[in-house]
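Work through the two exercises below with the model open. Each task sentence is followed by a stepwise solution.

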Amino acid sequence: MPHSAAVISGIQRMVLYETRARYFLVGSNHAQTRHRVLKIDRTEPKDLVIIDDKHVYNQQEVRELLGRLDLGNRTKIGQKGSSGLSRAVSAFGIVGFVRFLEGYYIVLITKRRKMADIGGHSIYKIEDTSMIYIPNDSVRVTHPDEARYVRIFQNVDLSSNFYFSYSYDLSHSLQYNLTLLQRPYELWSSVPISSNDEIHRKSKQDCFDIFEDEGLPTQVVYGVRNEPYYKYVWNAKLLERVKDIVHPDWLMYIIHGFCGQSKLLIYGHPVHITLIARRSSKFAGTRFLKRGANCEGDVANEVETEQIVHDASVMSFTAGSYSSYVQVRGSVPLYWSQDISTMMPKPPIRLDQADPYAHVAGLHFDQMLQRFGSPIIILNLVKKREKRKHEKILSEELYPAVINLNQFLPPEHGIEYIAWDMARYTKSKLCNVLDRLGMIAENVVKRTGFFINRSEFYCHTLRPDDRWEDAGGYITASGRLQTGVLRTNCVDCLDRTNTAQFMVGKCALAYQLYALGMIDKPKLQFDTDCVRLFEELYEDHGDTLSLQYGGSQLVHRVKTYRKIAPWTQHSKDIMQTLSRYYSNAFSDADRQDSINLFLQVYQPSESKPHLWELPTDFYLHQSSTMALPQERRSYTLWWTHGILAYLPVPYDEVPCEETMKKVEAKRVNRFDESIDIYTEFFKPYEITSFDDTFCIAMTNSAREFMPKTVGLDPSPFTVRKPEETGKSVLPNKSNKEEAVIQRKTAASAPPAPSEEAMSSSSEDDSEEDRDDDASVSQRSTPIKLLTESVDSTRTQEDIQQQHNKEPYGLNLSEFLDEKDLLIYESFAHLGENQHRVEKNEDFNHSNILGLEAVSSFPEDSVFEVLAPQVDTDSRDVFERHVLTGQGQLRALCREDMLMYREYVKNRYM
């Protein structure tokens with residue numbers, strides 16, 4: 001039994017009721033068995049007055065309460081018709097409360113859509129919202145600029161890529177959330193119980209316990225609710241006004257970025273692959289208006305991407321197998337910008353402020369050390385060689401900054417720097433970009449490791465792999481932790497960065513699937529169903545992030561760098577480039593104002609100039625410009641105190657006194673609905689249709705990617721022909737150019753070239769020697785087996801011979817050799833005599849055929865397989881099942897009594 005579990009929000013549905021003097025917001029859990037009420041005063045023109053009723057109502061009590069409110073707010077006692085209490089809107093959560101120049105507004109989520117499921121915890125996307133003005137019309141003080149602020153605020157489209165969950169903390173990684181639940185029992189004993197729950201416990205009416213005489217103790221579980229990571233929360237400021245007033249169930253934090261989930265079917269075994277991208281709310285904005293970093297170390301376009309792989313056949317966090325890998329993208333952490341007033345497609349890069357001691361870079365990497373641990377690996381993809389200095393300016397500043405910071409860190413925890421001119425290699429016909437990225441990815445994953453909540457499986461002992469033994473990370477008794485992170489950047493952190501992150505994610509996915517026992521070697525090939533599914537996820541992820549920051553979808557995709565994109569892709573790339581230029585030139589300024597207002601970076605006031613009157617928002621994002629700092633950070637000890645003592649493990653995940661302050665725990669019964677994820681996910685109290693469930697509707701590798709041809713290998717790790725699937729990744733070829741592609745699994749892929757054979761420096765192009773300039777490496781393209789015939793006129797026999805050889809791998813028209821005939825005769829002889837074979841102690845197998853062991857178990861052989869041993873508990877379960885079917889009930893055990901006890905409590909007390 002787990003000692004702790006995540007708390008499920010008790011408010012998942014809400015209805016806003018309206019009277020002339022108040023709004024009543026009635027929230028309930030999904031089953032609508034428990035209700036809470038918020039009273040919002042409408043008589044205050046500019047202040048927000050909220051009263052949280054601490055009492056938890058059942059369904060009958062809340063109906064009586066609403067009835068009394070309706071009766072008390074009618075104009076005349078006993079009057080029917082126009083009700084004194086009217087229903088305004090139904091909602092699924094509160095985004096927050098916001099005020100401009102008049103009174104407060106409440107922003108409610110009115111539509112949602114399920115996007116992913118992680119361990120039974122549902123993740124939803126906001127589909128629609130409603131913004132309601134709180135004060136009554138009779139007390140409203142109008143302002144002429146109020147409507148303009150409302151329009152600017154609503155320019156942030158909340159129905160576009162904003163996500164939330166009632167029971168899973170989206171602002172933290174899976175590694176953080178699961179290690180939090182795995183902390184020792186003694187730590188939760190020392191955590192103070194939530195004051196809200198103490199009040200609820202006192203207010204609950206006393207009732208007798210019918211099981212007191214049974215002597216059955218209540219099994220206690222600690223319900224855990226932790227503080228979100230506010231850097232990735234986008235409505236923290238909107239909830240700040242009510243955070244300390246209302247019950248935590250009312251608070252729902254949303255993230256901005258991307259969330260997608262697909263199902264990988266491995267011979268019917270479901271494996272869910274989830275991609276979650278969290279966009280930072282600090283120094284947030286659009287492409288040319290937010291570059292570099294601010295004075296607090298927050299960088300522009302900072303996105304944390306996490307890929308989660310879990311065995312969907314077991315849902316529970318405690319019993320299931322879960323793995324995750326995290327990587328980060330973000331602008332170069334320096335003071336730099338680009339002037340867009342010149343209307344150039346690529347404005348010149350300028351350094352705004354000298355930073356000889358790398359102060360701002362130190363603040364940024366301090367945040368990363370605290371959240372991810374060490375090592376931090378920088379993959380810098382900007383150009384190295386240019387006729388006129390442009391991107392190279394950033395590399396010349398970043399590299400000395402890293403050198404300066406590293407001289408004060410212990411060598412084993414130093415920041416690693418990899419510079420690689422990806423754009424130059426793309427233009428070269430002698431080099432394959434994805435090969436180089438694959439090598440970098442292999443080294444990075446081996447350094448950082450990845451998270452998995454299970455120790456090694458027995459299959460790793462049966463099928464050992466050298467690469468698995470070299471995998472990094474911090475090994476614990478319950479699995480493995482990712483220590484450190486890869487930080488990828490180019491200039492925009494869009495096209496090149498997304499392809500590099502895809503290659504690193506593909507490499508990590510192979511290790512994750514191997515760790516879960518799904519494949520026999522940590523290696524995946526292109527043109528397999530698995531990689532196609534993963535590539536589609538990453539392209540959706542890249543398009544979404546590019547639209548948010550750059551104003552258009554990706555210009556260069558994975559297919560572009562594989563050099564297999566169809567000719568129509570070039571025209572699409574041109575259109576995306578024009579769309580990005582138009583957005584940057586004409587609409588980015590309005591979008592930036594909307595983001596500043598939504599994040600409350602700018603708060604309107606009568607005494608301040610209006611948002612649209614500001615010549616720049618530089619001072620809004622640079623807090624040090626408005627006030628002198630009280631104390632300066634050390635240039636040598638540039639990290640937060642206490643971090644180095646726990647490296648390489650992230651400080652945020654260490655159960656120390658400082659981090660435990662961010663956690664709130666409450667003691668609940670193991671069957672309490674506030675932690676019962678089974679009831680939350682399966683909803684046994686309502687009728688559902690199997691076809692409408694999310695797991696059926698999600699993208700499926702067997703349905704979307706696997707060929708429909710009969711007789712093909714259904715494994716998602718088999719290399720496919722481009723014509724074998726509806727989603728072709730290769731351009732069409734003529735019949736003369738067709739080559740037969742061998743279907744082989746990822747395990748039988750040729751080994752990658754060693755790092756010594758392929759230099760990582762961008763100046764060593766001459767060392768690479770390829771036979772064909774236009775050829776692509778064996779790892780990234782199908783493998784040709786048959787050479788083309790020079791003579792185009794083939795005989796029918798030649799064509800038939802090729803058709804025989806394609807499916808079977810050999811030419812059936814040729815006569816079999818003597819060795820093959822001997823094997824076949826031995827097999828036929830064995831089949832003739834199998835009915836006369838009787839196994840005994842002195843039976844000699846060599847009389848029929850020289851047999852080899854085919855099983856690891858000595859009792860099994862070709863002639864006999866012993867039945868597996870069934871333990872006593874399994875026999876008891878089966879016997880009870882049979883007896884129940886015959887109408888014979890067994891005696892109640894202790895677990896049954898506990899379950900019935902909770903049922904009676906919840907139903908009648």
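**Exercise 1.** Determine whether strand β8 (residues 104-118) is largely enclosed or not, and state which strands pair with β8.

Solution.
1. Twelve of the 15 residues of β8 are buried, so the strand is largely enclosed by the rest of the structure. Buried means under 20% relative accessible area, exposed over 50%, and partly exposed in between, with a 1.4 Å probe and protein chains only.
2. The model is predicted: local features need pLDDT of at least 70, side-chain atom pairs count only at pLDDT 80 or more, and totals for chains, interfaces and linings use all residues. Residues are numbered from 1 along each chain as its sequence is written, and side-chain values use heavy atoms, without hydrogens and water.
3. Strands are DSSP runs of E with at least two residues, helices runs of H or I with at least four, numbered from the N terminus; two strands pair if DSSP finds at least two bridges between them.
4. Strand β7 (residues 93-99) is antiparallel to β8, with six bridges. Arg99 has Tyr104 as its bridge partner, and a hairpin of four linking residues connects β7 to β8.
5. Twelve bridges join β8 to strand β9 (residues 121-133), again antiparallel. Asp117 is bridged to Ser122 in β9. Two residues separate β8 and β9 in their hairpin, where Gly119 has a positive phi of about 60°.

**Exercise 2.** Give the strand order of the open sheet of three strands and identify its edges.

Solution.
1. The order is β1-β11-β24, with mixed pairing.
2. β1 (4-6) and β24 (663-669) are the edge strands, each pairing on one side only.
3. β1 and β11 (residues 220-226) run parallel, joined by three bridges; Ala6 stands opposite Val224.
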